[in-house]
Amino acid sequence: MPTAARLNQVIGVLAKVEADPNVAETLSNSADACNVYIGDGNPPAPTPVEYVFDGNIGRAAGNMAPQRRTTPNGRFRAGEFQCLPKGLGSTYSASAFPPNEVHRWLQGAGYTATYSATPTPEWRYTPTPFDQVPAHLTVRQFMQGTQWDQAGVQSDFSYQSQGLGVPIFSFPWRGVATAPADQSLPALTIGAAAVIPPVASAVVMTANAVTTMTLREVSYSRNRSVETARIAQNLAGGHAGFIAGQFSPEWQVTVERPARSVFDPEALMASAASFAFSLTYGTTQFNRWAHSTAQGQIIAVQPAAEGELATVTFTVRGHSSTPSANDAELIVFN
Amino acid sequence: MEFFTFTTAKGEVVTLPFPIDLPLTERDDYMAAAIAAADPTAIPATTDDTED
């Protein structure tokens, strides 16, 4: 019996920021590889090719059977890229970035990357102003012996930090796809391969100037909309990409219930208090990252318990300092 | 698009973009030149001792 033609085993991902949004970049197996996280098991199956118009042209008038379909139109794919956040492991510069899976995918999630040599060499990621075109990515997946290409990829962003392991970054994306083609996984050059991502140890959380709370769990979501498809009848293929829009950075945090004299989430919610909130993962320079907002408000509080332990889960939503400032949140890799 | 930021001697924070088609290997030189152009006081003092 012959061997199976295709296996659901090794996968690979390439991604590059497009110089011209929605125009596919030429990808390199060495310069554009991203270290994708698949967990402890086999990777997920590829997501399907989808169409805005599926080709259905209704029923045959004489017998009510389906009419022979026409060609579908407006091809796209949606998926989720996951990675473990880590730093470069050596000094950042204008040309030395966090690894591709962080630096490029954060840009694709609507952040502008800015290098600063002060106070220490660091890359900062802030919401891309709406008078600028947000970054679009060309993404190639190697999965199940197939090459899946898409351009104009934009994404949402979330991460989970549960237990004491490494937080997991997730980027749910959408992009205009080309037809998949046979291609085995080539040799990819993964950047900073020797750097181990920091675990949720010695995490520093500051909320309303309180740093003493015992942190159990963090779940962040940017809640970025990338839904709106550009239907383009005058374009071959019919799909001109997606429009990204509103976002709402929210951290859902579970802590051991502190004394109300220390931190009272119900009171902070009731007074609509705005306070600085930040999380820092990792302690080693060039392999640590911090996510913060200078203006956070508690929008939900849920008392909880873990066995005999009283806990509380509260949700902090970042807002901008003025209607035009792009400072609702800040990610720093330093 | 990627940017770089710096603070001038006057305390002004300046953020400038990297040209999209600039090779990575030329970025550091480009940034140094841009900072020097925006903030002449940041230029390290250079002397030419060959004529002394």
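User: How many salt bridges does the rule find across the interface of chain A and chain B?

Analyst: The rule finds 0 across that interface, a salt bridge being a side-chain nitrogen of Lys or Arg within 4 Å of a carboxyl oxygen of Asp or Glu. This is a predicted model, in which local features need pLDDT of at least 70 and side-chain atom pairs count only at pLDDT 80 or more, while totals for chains, interfaces and linings use all residues. Residues are numbered from 1 along each chain as its sequence is written, chains are lettered from A and ligands numbered from 1 in the order in which they are written, and side-chain values use heavy atoms, with hydrogens and water left out.

User: Which elements give two or more residues to the side of chain A that touches chain B?

Analyst: They are α1 (100–108), β5 (111–116) and β6 (122–127) of chain A; helices (H or I, at least four residues) and strands (E, at least two) are DSSP runs, numbered from the N terminus. β5(A) gives the most, with 5 residues.

User: What joins β5(A) to chain B?

Analyst: 4 bridges join β5(A) to strand β1 (residues 2–7) of chain B, and the two run parallel; strands pair if DSSP finds at least two bridges between them. Within β1(B), Thr5(B) is the bridge partner of Ser116(A).

User: And α1(A), is that buried or exposed?

Analyst: 9 of the 9 residues of α1(A) are buried, so the helix is largely enclosed by the rest of the structure. Buried means under 20% relative accessible area, exposed over 50%, and partly exposed in between (1.4 Å probe, protein chains only). Trp105(A) and Leu106(A) are among the buried residues. Just after α1(A), Gly110(A) takes a positive phi of about 95°.

User: Back to salt bridges: how many over all chains?

Analyst: The count comes to 14. One of them pairs Arg69(A) with Asp54(A), the closest N and O atoms being 3.8 Å apart. Both residues lie in the loop between β3 (50–53) and β4 (73–83) of chain A, so the pair ties together parts that are 15 residues apart in sequence. Arg69(A) is partly exposed at 49% relative accessibility, and Asp54(A) is partly exposed at 41%.

User: What about Glu2(B) and Arg27(B)?

Analyst: Their side chains meet in a salt bridge (2.3 Å, N to O). Glu2(B) is in strand β1 of chain B and Arg27(B) in helix α1 (residues 27–38) of chain B, 25 residues apart. Both Glu2(B) and Arg27(B) are buried.

User: Which residues are linked in a network of salt bridges?

Analyst: Arg257(A), Arg260(A), Asp264(A) and Glu266(A) are linked in such a network.
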